[in-house]
Amino acid sequence: MAARILVVGCGAIGGLFAAALSAVAEITAFDVNAEHVKAISAKGLRILGKNPRTVRIDATADAVALKGASFDAVIFLIKSKMTGTALAQLRQVLAGNPMLVTLQNGMGNAEALLSQPQAVVVRGVTMNAGRYVEPGCVESLIEGKTWLGPARGRVADIAPLADLLNKSGMETETTADPMGAVWSKFVFNCVMNPLGALMMGNNAARYDAPEMRALIDDMAAECIAVVSALGGTFAFPPMEFVEKVRAGEIPLSQHAGSMALDIARGIPTEIDELTGFVVREGERLKVPVPNCKAVYRLTKGLELAAQRRVAKPR
């Protein structure tokens, strides 16, 4: 019998994982975007990019529709601030005790899932990148590696999901301690995501302006200092990707990060769970983070302005 997996959040990254896994498992998507769900149900989930395709998956925008359903794993790929609410909705309707998996950006997601006392909880990170194009359609922008490890449970518990991901074409590695990979991606996101938004989605501006390069380096140093003060270590150099782009080893893409896409759409960002976390922990630990604090404040203002722009009557 095929594994049954629920993907919570079928937007950019959730859509990519749902589409890939649909080749090796039975996939259901839960997404509050009713238009997106309607389009997926009517015409399938369309993936643009290097491997364009359309896949058929079950999708719903109503948690009640999942009442009594059982899954082997539930993968959370929604905005961090929505995790607790989504978990509470699903806890009321799902049967059994599925493995709970977070591949989300930011801090606080695994902690929310650990509130489910009997569940195996998996924490991970993915270097895949994509964007939501329109209802029923997402685009793959960057193909990267995924790491999975137990926040509660054993590596052996995770192996079947990792095998499915590898069979689906998404390179995945299991590790006893996922936090090294999580911290590495976290620092990268804390620096590059808000700066991509502040540069209005122009990725080249983050690399071509000397002042921006200096700001990136200063913010990265502050983030690394905070993570180190928390006792964190890094599975790979957090800014390795940036260094390779600067050296010409990796071509410069047009992708300026998910936060720039959120600002363009006028929807809430993950700034509080990313750079905001660094600011709060820096203040608590007495680690100076002046550049991160300034960028955090600017991004909060930009986020508000973007939401008001979208809400303004035409």
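Which residues in α6 meet which residues in α12? I shall open with that contact, and I note at once that the structure before you is a predicted model.

On the α6 side the residues are Pro194, Leu195, Ala197 and Leu198, and they meet Val295, Leu298, Thr299 and Leu302 in α12. By class, this contact holds seven nonpolar residues, one polar residue and no charged residues. As for the geometry, helix α6 spans residues 179-198 and helix α12 spans residues 290-311; their axes come within 10 Å and cross at roughly 50°. An angle between 35 and 65 degrees counts as oblique, and α6 is therefore oblique to α12. The crossing of α6 past α12 is left-handed.

Let me turn to the contact of α6 with α10. Here the axes lie 7 Å apart, and the two helices pack at an angle of about 35°. α6 passes α10 in a right-handed crossing. From α6 the contact takes Asn193, Pro194, Gly196 and Ala197, and from α10 it takes Ser258, Met259, Ala260 and Ile263. These residues divide into five nonpolar and three polar, with no charged residue in the contact of α6 with α10. Pro194 and Ala197 of α6 thus appear in the contact with α12 and again in the contact with α10.

This brings me to the cores. In soluble globular proteins, nonpolar side chains tend to be buried together. In this model the largest nonpolar core has 40 residues, and those with the most contacts inside it are Phe186, Val191, Met192, Met239 and Val278. Which elements give two or more residues to this core? They are α6, α8 (210-229), α9 (240-246), α10 (258-265), α11 (275-285) and α12. The greatest contribution comes from α6, with 12 residues. Methionine 239 may serve as an example of the packing: leaving aside neighbours within four places in sequence, methionine 239 is in contact with Val187, Phe188, Val191, Met192, Ile216 and Ala220. Another core lies apart from this one; it has 35 residues, among them Ala25, Val122, Tyr132 and Leu148.

I shall now consider three individual residues.

Is threonine 146 buried or exposed? Its relative accessible area is 0%, and since buried means under 20%, threonine 146 is buried. Threonine 146 lies in strand β11, which covers residues 146-152. Beyond its neighbours within four places in sequence, threonine 146 is in contact with Phe17, Leu103, Val125, Thr126, Asn128, Glu171, Thr172 and Glu173.

One of those partners is Glu171. Glutamate 171 is found in the loop between α5 (155-167) and β12 (172-174). With a relative accessible area of 47%, glutamate 171 is partly exposed. Not counting residues up to four places away in sequence, glutamate 171 touches Gly144, Lys145, Thr146 and Asn166. The C-alpha atoms of glutamate 171 and glutamate 143 are separated by 9.1 Å, and these two residues are 28 residues apart along the chain.

The third residue is glutamate 211, found in helix α8. Its relative accessible area is 60%, and glutamate 211 is exposed. Between the C-alpha atoms of glutamate 211 and glycine 266 the separation is 27 Å, and these two residues are 55 residues apart along the chain.

To close, I return to α6: this helix crosses α12 in a left-handed sense and α10 in a right-handed sense, and α6 gives the most to the 40-residue core.

Notes
Residues are numbered from 1 along each chain as its sequence is written. This is a predicted model: local features need pLDDT of at least 70, side-chain atom pairs count only at pLDDT 80 or more; totals for chains, interfaces and linings use all residues. Side-chain values use heavy atoms; hydrogens and water are left out. Axes are lines fitted to C-alpha atoms, for helices over the stretch in contact, and angles run from 0 to 180 degrees between N-to-C directions. Helices (H or I, at least four residues) and strands (E, at least two) are DSSP runs, numbered from the N terminus. Angles under 35 degrees count as roughly parallel, over 145 as roughly antiparallel, 65 to 115 as roughly perpendicular and the rest as oblique. A crossing is left-handed if the near helix is turned anticlockwise from the far one by less than a right angle, and right-handed if clockwise. Contact means heavy atoms within 4.5 Å. Ala, Val, Leu, Ile, Met, Phe, Trp, Tyr, Cys and Pro count as nonpolar, Asp, Glu, Lys and Arg as charged, and the others, Gly among them, as polar. Buried means under 20% relative accessible area, exposed over 50%, partly exposed in between (1.4 Å probe, protein chains only). A nonpolar core is a set of buried Ala, Val, Leu, Ile, Met, Phe, Trp, Tyr and Cys residues joined through side-chain atoms within 4.5 Å.
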